[in-house]
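Here are some exercises to try with the structure open beside you. Work through each task on your own, then compare your steps with the solution.

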Amino acid sequence: MEYFFQEFSGYHGTLIKPYYWLYHNQYCLKCPYHIRTGEESRVTYGEFYEAFGFPYGPTMPENKQLIFYEVKAFSGEVLQKGQVTNCVSSNIHAESMLFEEHGYVDSFLYHHESIGYITLYTNYTPCNEYAHCCTSKMHDFLIKHPQIRLDIYFSQLYHVNEDNFSSVWNREALKSLAGFWPRVTLNPISNGIWQTILYNFVKEAPATSLYQPVLPIRASTDSYNAHMIHVITGIKPYFVDVPPEPKPKIISRRQDIPMGMMNYSSIPQAQHGNYQYLPFLTPRMPFMPIPAPEFHAQKDFESKPKHVVRHLKMPTDINEGMDLGNVLPNARKINEVVITEKVVREKEREKKGNRKKKKRDRS
Ligand SMILES: [Zn+2]
Ligand SMILES: [Zn+2]
């Protein structure tokens, strides 16, 4: 088999010339290594923002394609992660390089029979424009490798608006690609998937971007993308909407719970907008660290000690038959005093009565 690509060792992965005839040049910053694997696939947070429009919404960069990919075994284990970029100087799209017959990935699959899944995280949906024919190459790749499942997550739709002369081709191509469903899925990047990409493919992503909810402007674009891909392909995508910021109603909810049924260990610890990270832990997703619980719930405990007091108060029926002296040390003494007073008064009354009686007897 004749291959077009060449592999070179990088510091933290492999650098691949997708076509042996590519060389360094002043017009393409990424040339000639348009495929990079392992840790070489990471980009800076600034580059990620420029390409994907995260976290502040769409950027629609002209002439910049960035695709991250994961190749997984049938078991779900990630065998390789990588990055693919378009070549500006030679005008070659990223998908065209990635799914090239006899290209790098084609060869990788040829040598690894255990591969079952390919996941793409791309800044643009694939096109089928003249001179690129990206989706046609993907179509041929899927026919050639019938065991492969392909999941595509995108941040922006590429040339599908009616004012673009290529939109008809691109829409038809996306519909055709989606026709492979359920082997192929086309989904907007949404919610926790953003954090998955940051965690796996971005260098030194700010902690705030890893743990805070997706900004509303980005979330509304993701929602729009979900609507549009559904309209174009007729297939509902995988999409997790960002829930609206919940109001802090933890206290009132706890008050609804009968105190006898209260179990503090079962109270959800992260009710302030973090639970949307949970979809990360689906089998197809790599593990993500669960955000540390916020301190709101703990503060609620501290600022409302009455709950603790009420929790400790025993139900009335339990008190019956108990030795109150063990629970309320003064209870017995009070009772004794009352009883003593009663006895004393009765005795005094008896004495007075006896005296009067004696007086009457004397008189
Ligand atoms: Zn290039
Ligand atoms: Zn293309």
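**Exercise 1: The covered face of helix 4**

The buried residues of helix 4 pack against helix 2 and helix 5. Before you start, note that this is a predicted model, where local features need pLDDT of at least 70, side-chain atom pairs count only at pLDDT 80 or more, and totals for chains, interfaces and linings use all residues. Residues are numbered from 1 along each chain as its sequence is written, while chains are lettered from A and ligands numbered from 1 in the order in which they are written.

*Task.* Find which residues of helix 4 (residues 134–144) are buried.

*Solution.*
- Step 1: Locate the helix; helices (H or I, at least four residues) and strands (E, at least two) are DSSP runs, numbered from the N terminus.
- Step 2: Apply the cut-offs: a residue is buried if 20 or more other C-beta atoms, placed from the backbone, lie within 10 Å of its own, exposed if 12 or fewer, and partly exposed in between.
- Step 3: Cys 134, Thr 135, Lys 137, Met 138 and Phe 141 are the buried ones. Viewed down the helix axis, these residues fall within an arc of 155° (taken from the directions from the axis to the C-beta atoms), so they line one face of helix 4.

**Exercise 2: The partners of strand 5**

*Task.* Work out which strands are joined to strand 5 by bridges, and how many bridges there are to each.

*Solution.*
- Step 1: Strands pair if DSSP finds at least two bridges between them.
- Step 2: Strand 6 (residues 78–85) runs antiparallel to strand 5, with 7 bridges joining them. Here Lys 72 has Val 78 as its bridge partner.
- Step 3: In the hairpin of these two strands, 4 residues lie between them, and Gly 76 takes a positive phi near 100°.
- Step 4: Strand 7 (residues 115–122) is also antiparallel to strand 5 and joined to it by 7 bridges; Glu 70 stands opposite Thr 119 there.
- Step 5: Finally, look at the cover: 7 of the 8 residues of strand 5 (residues 66–73) are buried.

**Exercise 3: Ala 178 and its surroundings**

*Task.* Decide whether Ala 178 is buried, exposed or partly exposed, and list its contacts beyond four places in sequence.

*Solution.*
- Step 1: Ala 178 belongs to helix 5 (residues 167–178).
- Step 2: Ala 178 counts as partly exposed because it has 19 C-beta neighbours inside 10 Å.
- Step 3: With contact meaning C-beta atoms, placed from the backbone, within 7 Å, Ala 178 touches Val 184, Leu 186, Thr 233 and Ile 235.

Conventions: Contact = placed C-beta atoms within 7 Å.
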